[in-house]
Every structure is written in C-alpha cells, then in structure tokens.
Amino acid sequence: METRNAVQELTTTLAGAEITIEIGGVPICVHSTDSSFLEMLERRYAGFVNWGGSAEFDFDIELAEPAAADADLRVTWDAGLWRVERGDFAAVFDPHSRKGRIRQSPNPYSIDAVFRILHTLLLAQEGGFLLHAASAIRNGKAFVFAGVSGAGKTTIASLAPPDVTLLTDEISYIRKDGNRYLAFGTPFTGELGKLGENVSAPLAALYLLEKGPQNQTAPVTAADASRAFLANVLFFAEDPKLVRSVFHSACEFVGQVPIHRLAFLPDSSVWEMLT
Amino acid sequence: MSCKLYVERSPRVAARKLGDEVMIMSGLDSTLFTLDEVATIIWEAADGSIPLEEIVDSKICAQFEVERGEALLDATELVEGLAGHGILLLSSEPVIMPNSPRKAGQ
C-alpha cells in the first residue's frame with residue numbers, strides 16, 4: 001500500500017517554482033513552493049544551473065524537519081522505485097517516469113547527498129562512476145587523482161597552475177562515452193571549498209595519490225588498480241545486480257584508462273609531470 | 001565413510017581474473033575479495049559437479065608438491081570460509097546444472 005501511494009504521488013503534477021541543476025550533463029529539475037530554498041540552491045549550484053533547457057528528471061521537494069536525524073543512509077530498490085533514506089531526508093524515485101519526491105530539512109547538505117546518490121545510480125547503469133577523487137583538465141585532457149582523505153586531493157588541486165581547469169577537489173564525475181571516458185566538473189567540494197568548472201574532457205589518466213619525498217609515478221598491476229579504484233567508487237545501493245554491474249564497469253575502466261601511483265611533493269612541480 | 005563436498009560459485013557475486021588474481025565482489029554487501037593461486041584453481045573448478053576432493057587431487061596435488069590430506073584440509077577450510085561470505089555454495093550432493101556449465105566470472 002505504501003508503494004502504491006508513492007507511485008500515485010509521483011504521478012501528480014509537480015507544483016511550485018523550479019530550478020534545473022545540471023551535473024555531468026544530466027539536467028535534474030527540482031520543484032518547490034519555497035522560493036527562498038530555490039534561491040539557496042541557485043547560489044549553492046552556481047555554474048551548474050541550467051537556464052532554459054529541458055530536464056531529464058523531475059523532483060518535487062517537500063521541506064520538513066527530519067523524523068530521525070541520526071538514521072543511517074539506506075538506498076534500496078523496492079517495487080520499481082528507488083528509496084533513498086537518511087535521518088535528514090527521504091527520497092523516492094521512479095526511474096521509468098523519471099520523477100521523484102524528496103522530503104528533507106531546508107538545508108543544502110540533504111539535497112547534495114540526494115544528488116550524489118541519484119547520480120551514482122544513473123552512472124552505474126551506463127558504466128560511469130562518482131569517484132572519491134580530485135580531477136582537472138590540462139591541455140584538453142582530464143586527469144583524475146584518487147585517494148582517501150589525507151592522500152592529497154585538495155593539495156594537488158590547490159597547487160594547480162593557472163592553465164589548469166579544476167573539475168573538483170573531492171568527487172569526480174566519470175561517464176563512459178563510447179570507447180573512452182569523460183570527466184565532468186562537479187559542485188561537490190572538499191576542503192578547498194571551491195566549485196569545479198562545469199566542463200568536461202576526455203580522461204587521459206588516473207593517479208593514485210601518495211605523499212612522498214619526491215615527484216614520482218609508478219606502475220600499478222591491474223589487480224591493485226582495481227582494488228584502489230573500487231575503494232574510491234561512491235556507491236550506496238543495496239542492490240546485488242547493480243553492485244555486480246559496478247564491479248564489472250570498474251574492471252573495464254581499469255583495463256582502458258592508464259592508472260599510476262603518484263607520489264608527490266607539496267609544491268606545484270608535480271604538475272610538470274602531468275601534461 | 002565421509003560424505004563428499006561439492007562446491008559451486010555463487011551467482012550473487014561478480015568475479016574477474018586480473019593478471020594472476022581473481023577478484024570477487026559480493027553483491028550483497030560490496031565486500032571485495034582477492035583469491036590467491038590455489039583459491040583461484042578451486043574457484044574456477046567450482047561448478048557444483050565435481051567433489052572437492054577430486055578438485056584437490058586433479059588440480060592441486062597434480063600441480064603443487066603437497067601432501068593430499070593437508071591439501072584437502074586446507075581446501076575444505078578455504079571453501080567453508082568463502083561459503084561463509086556467500087561466495088561459494090556448498091552441498092553434499094552434486095548441483096544439477098540446468099544449462100551448460102558456467103564459466104568463472106559469469
């Protein structure tokens with residue numbers, strides 16, 4: 001009964017004002033009757049607002065105080081709907097109608113989390129990823145720098161010379177495009193607190209970051225590269241079929257994209273190795 | 001007389017051979033496992049139709065200098081551990097294969 005109600009809710013007309021946020025080339029329109037909330041989103045996602053284009057997905061947002069603020073994240077597939085629930089939000093999404101509803105507290109972090117999770121679900125079905133990694137474009141080529149917190153993602157992003165376009169210092173957006181991969185800018189920021197540029201470029205290489213006594217790249221075996229890559233993939237859904245799909249996509253990625261370890265000194269000289 | 005142990009790859013995992021290693025991801029909790037050379041041999045042979053002791057005899061003892069009893073003990077411990085993670089399915093009877101045998105990773 002609960003599922004039927006959710007479906008019926010998703011088929012009702014979306015009301016209120018709206019704003020379309022386009023990340024990774026995927027425009028998502030959010031509707032709300034609270035204009036101040038939409039204005040906040042406009043500021044939060046400056047550079048990623050799509051003015052005038054049609055959206056691929058529509059979400060109706062209902063602002064409400066959280067029911068159980070401490071509840072852990074759960075992403076589940078139930079009767080044709082994705083359900084994404086955490087203490088501060090609850091979202092339901094129908095991938096067929098491409099409509100969803102988000103009930104959340106009026107803060108930017110909740111919808112940011114919903115966006116990230118939604119994009120991981122969309123990317124998982126097309127061989128792409130959200131990756132815990134910094135990324136940037138230089139000379140028309142994108143470079144991705146993966147690593148856990150403290151590995152140097154923000155450091156290497158902050159050391160980038162002026163001719164480098166920063167895509168993100170925290171969460172990289174990678175889409176499969178035929179036989180190649182594209183890296184897109186994201187508004188998902190880390191310690192740098194700076195939104196990436198909303199542009200994309202073909203991915204040239206992925207570096208596994210390590211801080212070291214000198215700038216040096218080293219080869220990585222396919223198995224080590226896969227382990228390191230998978231450790232940095234953002235994926236939350238409790239869905240065996242999609243988990244298996246992400247695993248195979250990761251193995252395919254590792255087989256196609258050059259992956260190296262990169263030890264680096266905390267100065268801009270490391271960028272001379274990346275051309 | 002001890003009963004035979006049949007091992008079968010779980011359909012709920014994803015697996016790939018990368019270099020000399022087989023990597024397996026559980027579809028249930030996304031846990032990643034890496035199999036060493038001997039575990040890979042057992043994994044690849046685990047189609048549910050061959051008893052573990054036969055796999056040990058024909059695939060492990062034939063390739064490695066190891067005493068059969070020790071090899072079977074180690075192999076049993078290994079498959080029970082992998083079964084505990086949902087990677088392998090164990091049975092005292094051969095698994096009826098409705099179609100042609102699956103290949104590792106499929």
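Two residues are taken to be in contact if their C-beta atoms, placed from the backbone, lie within 7 Å. Contacts of this kind are described below for a predicted model, beginning with the helices of chain B.

Chain B contains three helices and six strands. Along the sequence these elements follow the pattern β-β-β-β-α-β-α-α-β. Of the 106 residues in chain B, 27% are buried. When contacts in this chain are restricted to residues at least 6 apart in sequence, 60% of them join residues at least 24 apart.

Two helix pairs of chain B were examined. Two packed helices are described by the angle between their axes and the distance between the axes. Helix H2 (residues 52-60) of chain B and helix H3 (residues 68-84) of chain B pack at about 120°, and their axes are 10 Å apart. H2(B) is therefore oblique to H3(B). The crossing of these two helices is right-handed. On the H2(B) side the contact involves Leu52(B), Glu53(B), Val56(B) and Ile60(B), which meet Arg68(B), Ala71(B), Leu72(B), Ala75(B), Thr76(B) and Val79(B) of H3(B). By class, seven residues of this contact are nonpolar, one is polar and two are charged.

H2(B) also packs with helix H1 (residues 37-45) of chain B, at an angle of about 120° and with the axes 10 Å apart. This angle makes H1(B) oblique to H2(B). H1(B) passes H2(B) in a right-handed crossing. H1(B) contributes Val38(B), Ile41(B), Ile42(B) and Ala45(B) to the contact, and H2(B) contributes Ile55(B), Lys59(B) and Ile60(B). Six of the residues in this contact are nonpolar, none is polar and one is charged. Ile60(B) thus appears in the contact of H2(B) with H3(B) and in that of H1(B) with H2(B).

Outside the helices of chain B, Ser30(B) is found in the loop between strand E3 (21-26) and strand E4 (32-35). Most residues other than glycine have a negative phi. Ser30(B), although not a glycine, has a positive phi of about 65°. Ser30(B) is partly exposed, because 18 other C-beta atoms lie within 10 Å.

In chain A, a positive phi of about 50° is found at Asn139(A), which is not a glycine. Asn139(A) lies in the loop between strand E8 (129-138) and strand E9 (141-146) of chain A. With 10 other C-beta atoms within 10 Å, Asn139(A) is exposed.

Asp169(A) occupies the loop between strand E10 (165-168) and strand E11 (171-177) of chain A. Asp169(A) has 28 C-beta neighbours inside 10 Å and therefore counts as buried; the threshold for a buried residue is 20 or more. Apart from its neighbours within four places in sequence, Asp169(A) is in contact with Ala134(A), Lys153(A), Thr154(A), Ala157(A), Thr189(A), Gly190(A), Leu192(A) and Lys194(A). Ala205(A) is 36 residues from Asp169(A) along the chain, and the C-alpha atoms of these two residues are separated by 16 Å.

Helix H3 (residues 108-124) of chain A has 17 residues and should span 24 Å at 1.5 Å a residue; its end C-alpha atoms are 24 Å apart, so the two values agree. The buried residues of H3(A) are Ser110(A), Ile111(A), Val114(A), Phe115(A), Ile117(A), Leu118(A), His119(A), Thr120(A), Leu123(A) and Ala124(A).

H5(A) and H6(A) pack at an angle of about 125°, and their axes are 9 Å apart. H5(A) is therefore oblique to H6(A). The crossing in which H5(A) passes H6(A) is right-handed. From H5(A), Ala222(A), Ala225(A), Ser226(A), Phe229(A) and Leu230(A) meet Ala250(A), Cys251(A), Phe253(A) and Val254(A) of H6(A). Eight residues of this contact are nonpolar, one is polar and none is charged.

The contact between the two chains takes 13 residues from chain A and 13 residues from chain B. On the side of chain A that touches chain B, the elements giving two or more residues are helix H5 (222-232) and helix H6 (240-256). H6(A) supplies the largest share of this side, six residues. The residues on this side of chain A divide into eight nonpolar, three polar and two charged.

How values were computed
Residues are numbered from 1 along each chain as its sequence is written. Chains are lettered from A and ligands numbered from 1 in the order in which they are written. This is a predicted model: local features need pLDDT of at least 70, side-chain atom pairs count only at pLDDT 80 or more; totals for chains, interfaces and linings use all residues. Helices (H or I, at least four residues) and strands (E, at least two) are DSSP runs, numbered from the N terminus. Ala, Val, Leu, Ile, Met, Phe, Trp, Tyr, Cys and Pro count as nonpolar, Asp, Glu, Lys and Arg as charged, and the others, Gly among them, as polar. Axes are lines fitted to C-alpha atoms, for helices over the stretch in contact, and angles run from 0 to 180 degrees between N-to-C directions. Angles under 35 degrees count as roughly parallel, over 145 as roughly antiparallel, 65 to 115 as roughly perpendicular and the rest as oblique. A crossing is left-handed if the near helix is turned anticlockwise from the far one by less than a right angle, and right-handed if clockwise. The expected span of a helix is 1.5 Å times one less than its number of residues. A residue is buried if 20 or more other C-beta atoms lie within 10 Å of its own, exposed if 12 or fewer, and partly exposed in between; C-beta atoms are placed from the backbone.
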